[in-house]
Amino acid sequence: MTAHRSTSRTTDGKRAPGTAGRRSAAAGSGGARATRSTARKQATLAIDVGGTGLKASVLDPSGAMEVDRVRVDTSYPCPPTKMVETLRLLVEPLPVYDRVSVGFPGMVRDGHVLSAPHFVTVSGPGSETVPDLVEAWSSFDLASALDAALGKPTKVVNDADLQGAAVVKGKGLELVVTLGTGVGTGLFFHGRLTPHMELAHHPLRKNESYNEYLGNAARSRIGNKKWNKRVRLAIDTLDALFFYDQVYVGGGNSKHVTADLGPKATIVDNAAGILGGIKLWERPTL
């Protein structure tokens, strides 16, 4: 499969137009001075929780990272108390912050975890589910737990929704797809987040869910060439379902995408999972 031309990419390590890091061109020198003067009051700790790794950085008021991301591998089994303590230790070396944004790979509502498919297993995705972990994560108030552990107000949302907040342009129906340990999706209409749907668990082909068909375990098993064909099939299927105007493909495995996903597709840098953190506080509907 040759590399496509019609799918656009953001420059690696750079913030693309529409990301949280973009400054308004209309801001004059007075606006810049105001931003600098309020930097300490507006610093946002952004945490990207993944089935393979946990990442974090601090964002300045413009949404730019003040320092490089810190990262640790996700260890299993992973009950909620272990997750909270691991994140507390992870962010200790980071600069001072005043609020916290968290993207979590599962269904989240009002800061409560309704599903945590990776973290209810004994050793990660594809391994045996542990009933005690299912019970521990069910309706766990992750926002309040991190608020208490970090001493700062905390918001938690689905990770694909958070990444989408960094990249959508606010025009028409925009779909965000994250490819990593599993598959995440977020849907925005004219910039407003629609109710989250866990499409990752929905059957895609031959009774396999999106997670099973496109997750990292599948990619490792079948190789990138066949996996790219699956990615194209999934994107085409989602287009037939939503008739989206634009689709953004991110996540850690987006770097392996070489298939032509069509003219409406854009590959986005995985850093969007962090950069969306400031949008969580700016957008009351997110």
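# Exercises on a predicted protein model

Three strands build an open sheet in the order 6-7-8, and their pairing is antiparallel. Strand 6 (108-109) and strand 8 (140-141) are the edge strands, each pairing on one side only. Here, helices (H or I, at least four residues) and strands (E, at least two) are DSSP runs, numbered from the N terminus, and two strands pair if DSSP finds at least two bridges between them.

Before you start: this is a predicted model, where local features need pLDDT of at least 70 and side-chain atom pairs count only at pLDDT 80 or more, while totals for chains, interfaces and linings use all residues. Residues are numbered from 1 along each chain as its sequence is written, and side-chain values use heavy atoms, with hydrogens and water left out.

## Exercise 1: The whole chain

Task: Find how many helices and strands the protein chain has, and what percentage of its residues is buried.

Solution:
- Step 1. The protein chain holds 11 helices and 16 strands.
- Step 2. Of its 286 residues, 51% are buried. Buried means under 20% relative accessible area, exposed over 50%, and partly exposed in between (1.4 Å probe, protein chains only).
- Step 3. Now take contacts (heavy atoms within 4.5 Å). Among those between residues at least 6 apart in sequence, 65% join residues at least 24 apart.

## Exercise 2: Strand 3 and its partners

Task: Work out which strands pair with strand 3, and which way its residues point.

Solution:
- Step 1. Strand 2 (residues 44-49) runs antiparallel to strand 3, with six bridges joining them. A hairpin of three residues links the two.
- Step 2. Look for a bridge: V49 has L54 of strand 3 as its partner.
- Step 3. Strand 4 (residues 70-73) also pairs with strand 3 in the antiparallel sense, over four bridges. Here G53 stands opposite D73.
- Step 4. In a regular strand the side chains alternate between the two faces of the sheet. In strand 3, G53, K55, S57 and L59 point one way, while L54, A56 and V58 point the other way.
- Step 5. Check the cover: seven of the seven residues in strand 3 (residues 53-59) are buried.

## Exercise 3: The two sides of helix 9

Task: Decide which residues of helix 9 are buried and which exposed residues its opposite face carries.

Solution:
- Step 1. Helix 9 (residues 224-242) has 19 residues and reaches 26 Å from its first C-alpha to its last, close to the 27 Å expected at 1.5 Å a residue. The expected span is 1.5 Å times one less than the number of residues.
- Step 2. The buried residues of helix 9 are W227, N228, R230, V231, A234, I235, L238 and F242. They cover an arc of only 160° around the axis, so they lie on the same side of helix 9. This arc is that of the directions from the helix axis to the C-beta atoms.
- Step 3. On the face turned away from this buried side you find the exposed residues K225, K226 and A240.
- Step 4. Just after helix 9, F243 takes a positive phi of about 55°.

## Exercise 4: Two buried residues and their contacts

Task: Locate L175 and N253, then find what each one touches.

Solution:
- Step 1. L175 sits in strand 10 (residues 173-179), and counts as buried because its relative accessibility is 1%.
- Step 2. Apart from neighbours within four places in sequence, the contacts of L175 include L238 and F242, which are among the buried residues of helix 9. T185 is another of the contacts of L175; the C-alpha atoms of these two, 10 residues apart along the chain, are separated by 7.1 Å.
- Step 3. N253 lies in the loop between strand 15 (246-250) and strand 16 (265-267). With a relative accessible area of 6%, N253 is buried.
- Step 4. Not counting residues up to four places away in sequence, N253 touches L179, G180, N216, R219 and W227.

## Exercise 5: An aromatic pair

Task: Describe how the rings of F104 and W137 are arranged, and where each residue lies.

Solution:
- Step 1. Rings of Phe, Tyr and Trp (its six-membered ring) pair if their centres lie within 6.5 Å; planes under 30 degrees apart count as stacked, over 60 as edge-to-face and the rest as tilted. This rule gives five aromatic pairs.
- Step 2. F104 and W137 form a tilted pair, with 5.5 Å centre to centre and 40° between the planes.
- Step 3. F104 lies in strand 5 (residues 99-104) and W137 in helix 4 (residues 131-137), so the pair ties together parts that are 33 residues apart in sequence.
- Step 4. F104 is buried at 0% relative accessibility, and W137 is buried at 1%.
- Step 5. Y76, F104, F119, W137 and F140 form one aromatic cluster.
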